[in-house]
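Trainee: Could you take me through one part of this structure slowly? I'd like a close look at a nonpolar patch on the surface and the strands around that spot.

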Amino acid sequence: RCAINAIWQLAEPATGTVKLGMIKGHAHFLSLTDVPHTIYFEADSSMEASEGLNPVSSQGYLEVSSVEAKAMAKAGLIDIESVWAKRRKTA
């Protein structure tokens with residue numbers, strides 16, 4: 001009940017049609033239509049179609065993120081063993 005009340009409160013100023021799916025007590029977004037004001041633009045949904053997104057930029061971001069992740073692993077802040085390797089051990 002609390003979650004549904006939160007959804008109603010957040011949705012109050014919005015207009016449009018939202019379709020949600022419910023699976024095992026969890027709400028899943030399915031679609032949003034008839035929305036006059038949106039921050040989603042189909043042209044920006046892929047790097048190939050967008051003028052504002054550059055695949056080279058994302059490569060640089062990933063390289064910076066990997067340096068940070070390696071430093072965290074070296075400091076013992078994260079587990080460096082692959083999740084998939086752990087699953088293979090338990091299987």
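Mentor: Here's a walk through the strand pair, followed by the patch. Keep in mind that this is a predicted model. Start with strand β1, which covers residues 17-23, and strand β2, which covers residues 26-33. The two run antiparallel, and 7 bridges join them. Together β1 and β2 make a hairpin, with 2 residues between the strands. Look at K24 in that turn: its phi is positive, at about 50°. Now check who faces whom across the pair. G21 sits opposite H28 of β2, while V18 has L32 of β2 standing across from it.

Hang on to V18 and L32, since they turn up again in the patch. That nonpolar surface patch comes to about 470 Å², and its members are I7, V18, L20, F29 and L32. The elements giving two or more residues to the patch are β1 and β2. What about I7? That residue belongs to helix α1, which spans residues 2-11. I7 is partly exposed, because its relative accessible area of 40% falls between the 20% limit for buried and the 50% limit for exposed. That value also clears the cut-off of over 30% that patch residues need.

Conventions. Residues are numbered from 1 along each chain as its sequence is written. This is a predicted model: local features need pLDDT of at least 70, side-chain atom pairs count only at pLDDT 80 or more; totals for chains, interfaces and linings use all residues. Side-chain values use heavy atoms; hydrogens and water are left out. Two strands pair if DSSP finds at least two bridges between them. Helices (H or I, at least four residues) and strands (E, at least two) are DSSP runs, numbered from the N terminus. Patches are made of residues with over 30% relative accessible area and no salt bridge: like charges are joined within 9 Å, nonpolar side chains (Val, Leu, Ile, Met, Phe, Trp, Tyr) within 5 Å. Accessible areas come from the Shrake-Rupley method with a 1.4 Å probe; for residues, only the protein chains shown count as cover. A salt bridge is a side-chain nitrogen of Lys or Arg within 4 Å of a carboxyl oxygen of Asp or Glu. Buried means under 20% relative accessible area, exposed over 50%, partly exposed in between (1.4 Å probe, protein chains only).
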